[in-house]
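Here are my notes for you, written as numbered points. Have a look at the model before you read on.

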Amino acid sequence: MSKVCAIFGGSRGIGKAVATRFAQDGHKIAVVSRNKEAVDRTIQELVEGGLKGPHLGVSCDVSDEKRVHATVKSIQDTLGPVDILVNAAGVNKDVLLLKTQAADMTSLLQTNLVGPMLTCRAVVRSMVQRRTGTIINVGSIVGMKGNPGQCVYSASKAGLQGFTKSLAKEVASRGVRVNLIVPGFIDTDMTSGVSEAVVTQSVPLQRLGTPAEVATAVRFLAYSTYITGTVLVVDGGMQLNT
Ligand code: NDP
């Protein structure tokens, strides 16, 4: 049955691959990110790739409470209540803590941690009332292992893990599931500065993952009706290394 999928951060990278996968499955797709041109381009590509059903592209900064609320409302009014929410919007800025400005800490946490909290809050009431729905948040392997230069980023992703598990407990009795995908190094704009040497050294599978490989795992969690509060690592084995 066709579901309504809202993908925040769906214009590029992992989110775009998730949107593509769900479009192939015949679902109704809402792609959300800040850059409207990028959103429209992605929607156009999905249509050219065979997306036939209703769809929507919305420009929204996930850290803006009012915009998130308005975005979820417009998705609901156009496509119907959200059945599958994917939180893939995220930013990173590699810098040592000693050189990190307080404003940059706040801004990163607003996007990577408060953002998913806002989107989850915006959809979860309807999910609870309808006794159905699933949320997949996108964390990071550095939220589990830590990484120099990524103190704030890894804190945001570790926070997202705690948030995901707590929300999973809050809504499980209402049939709503909440899970976390934890990617390692994935080949997107975010990892354009990662050298081959770093990949070879830190990834047992000796290569970057593809956005499509993460999308496969997101799809698995979306359809796995007996899984909630779990953390699914998609990292080419990085977690095996100390
Ligand atoms: P990209 O930079 O390729 O894509 C990020 C997406 O998030 C874009 O669609 C971007 O669109 C959107 N976005 C960024 N900030 C905001 C915002 N404030 N409001 C709304 N949308 C926003 O990154 P990835 O696809 O690589 O990353 C996706 C997620 O996966 C992120 O949460 C990232 O932290 C996580 N991750 C990525 C890894 C990797 O190796 N690539 C590893 C581990 C985790 P726009 O700029 O138009 O807003």
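1. Which elements make a right-handed β-α-β unit with helix H2? They are S2 and S3, with H2 covering residues 36-48. Keep in mind as you read that this is a predicted model.

2. That isn't the end of the story for S2, though. S1, H1 and S2 make a right-handed β-α-β unit as well. So when you trace the chain, look for S1, H1 and S2 in one unit, and for S2, H2 and S3 in another.

3. Now zoom in on S2 itself, which takes up residues 28-33. Is this strand mostly covered or mostly open? Mostly covered: six of its six residues are buried. Lys28, Ala30 and Val32 point one way from the strand, while Ile29, Val31 and Ser33 point the other way, and every one of these is buried. Don't skip over Lys28 in that list; Lys28 is buried too.

4. Next, check who sits beside S2. Strand S1 (residues 4-8) pairs with S2 in the parallel sense, over five bridges. To find your place there, look for Ala6, which stands opposite Ala30. Strand S3 (residues 55-59) also pairs with S2 in the parallel sense, again over five bridges. Here you have three pairs to look for: Ile29 stands opposite His55, Val31 has Gly57 as its bridge partner, and Val32 stands opposite Val58. As general background, the strands of a sheet pair through backbone hydrogen bonds, either parallel or antiparallel.

5. Time to zoom out to the whole sheet. What is the strand order in this open sheet of seven strands? Going across, you get S3-S2-S1-S4-S5-S6-S7, with parallel pairing. S3 and S7 (231-234) stand at the edges, and each has a single partner strand, so one side of each is left without a neighbour in the sheet. On average, neighbouring strands here are turned by 15° against each other, ignoring direction.

6. Have a look around the ligand too. There are 30 residues around it, and Gly9, Gly13, Arg34, Asn35 and Gly90 come nearest. Which helix gives the largest share of this shell? That's H1 (residues 13-24), with three residues. Sorted by class, the shell has 13 nonpolar, 13 polar and four charged residues.

7. One residue to check in helix H2 is Asp40. Why does Asp40 count as partly exposed? Because Asp40 has 14 C-beta neighbours inside 10 Å, and the partly exposed class lies between 12 or fewer for exposed and 20 or more for buried. The C-alpha atoms of Asp40 and Val198 are separated by 34 Å, and these two are 158 residues apart along the chain.

8. Last, a word on the annotation. An unreviewed UniProt entry places "domain: Ketoreductase" at residues 3-184. Over that stretch the chain is 52% helix and 18% strand, and the C-alpha atoms at its ends are 28 Å apart.

Notes:
Residues numbered from 1 in each chain as written. Predicted model: local features only at pLDDT ≥ 70, side-chain atom pairs only at ≥ 80, totals over all residues. UniProt positions renumbered as here; feature names shortened; annotations may be inferred. Helix = DSSP H or I, 4+ residues; strand = E, 2+ residues; numbered from the N terminus. Near = placed C-beta within 6 Å. Nonpolar A, V, L, I, M, F, W, Y, C, P; charged D, E, K, R; others polar. Pairing = 2+ DSSP bridges. Right-handed = clockwise from strand over helix to strand, strands pointing away. Axes fitted to C-alpha atoms, helices over the stretch in contact; angles between N-to-C directions.
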